Amino acid sequence: MALAADGSVWAWGDNENGQLGIGTNVDSTVPVKIDGLADVTAVSAGLAHSLALAADGSVWAWGRNSFGQLGDGTNEDRVHPVEVVSLPDAEAISAGDYHSVALASGGTVYAWGSNAFNQLGDGTTNSR
């Protein structure tokens, strides 16, 4: 994935779970622009999902969602970006293997998705 100077996001490679965010599951050997994202300030690619942070503090996710790592309240894979729900203004993001993390403007860290190895940092192994 690449973030262009104009705030657009481009992706290429494997797309089995829709992690390119281009509306299909077709792989791409060349960069393709992800529609529906604007004024993006940061991107992060996980194992089979991707995240984007917009200038307004919203976080967008797409791709594999088997553990809820997209943060949209479902476990459905998404081939287009969807906004992460119930997340206050974010300043930083990181996509892991099957989980996602965001730093909110107040300094609080939010984590969601798989927690099999306590990667969410909540002292449990319960995914959410």
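## Sheet of strands 8, 9 and 10

A hairpin with three residues in its connection joins strand 8 to strand 9. This is a feature of a predicted model. Strand 8 covers residues 90-95, and strand 9 covers residues 99-104. The two strands are antiparallel and are paired over five bridges. Within this pairing, Ala 90 lies opposite Ala 104 of strand 9.

Strand 9 also pairs with strand 10, again in the antiparallel sense and over five bridges. Two of the residue pairs can be named: His 99 has Gly 113 in strand 10 as its bridge partner, and Leu 103 has Val 109 in strand 10. Strand 9 and strand 10 form a hairpin too, with four residues between them. In that turn, Gly 107 has a positive phi of about 95 degrees.

Together, the three strands make an open sheet in the order 8-9-10, with antiparallel pairing. Strand 8 and strand 10 (109-113) are at the edges with a single partner strand each, so one side of each has no neighbour in the sheet. From one strand to the next, the twist averages 15 degrees.

## Sheet of strands 4 to 7

A four-stranded open sheet has the order 4-5-6-7 and antiparallel pairing. Its edges are strand 4 (40-45) and strand 7 (78-83); each has a single partner strand, so one side of each is left without a neighbour in the sheet. Neighbouring strands here are turned against each other by 15 degrees on average, direction ignored.

Inside this order, strand 5 (residues 49-54) and strand 6 (residues 59-63) run antiparallel and are joined by five bridges. His 49 stands opposite Gly 63 of strand 6.

Strands of a sheet pair through backbone hydrogen bonds, in either a parallel or an antiparallel arrangement. For both sheets described here, the pairing is antiparallel.

## Negative surface patch

The surface carries a patch of negative charge in which Asp 39, Asp 56, Glu 83, Asp 89 and Glu 91 gather. Some of these residues can be placed against the strands described above. Glu 91 belongs to strand 8 (residues 90-95), which is an edge strand of the sheet ordered 8-9-10. Glu 83, another member of the patch, falls within strand 7 (78-83), an edge strand of the sheet ordered 4-5-6-7.

Technical notes. Residues numbered from 1 in each chain as written. Predicted model: local features only at pLDDT ≥ 70, side-chain atom pairs only at ≥ 80, totals over all residues. Heavy atoms only, no water. Pairing = 2+ DSSP bridges. Axes fitted to C-alpha atoms, helices over the stretch in contact; angles between N-to-C directions. Patch = residues over 30% accessible without salt bridge, like charges linked within 9 Å, V, L, I, M, F, W, Y side chains within 5 Å. Areas by Shrake-Rupley, 256 points an atom, 1.4 Å probe, with all protein chains shown as cover. Salt bridge = Lys/Arg side-chain N within 4 Å of Asp/Glu carboxyl O. Lys, Arg positive; Asp, Glu negative; His and termini not counted. Charge placed at Lys NZ, Arg CZ, Asp CG, Glu CD.
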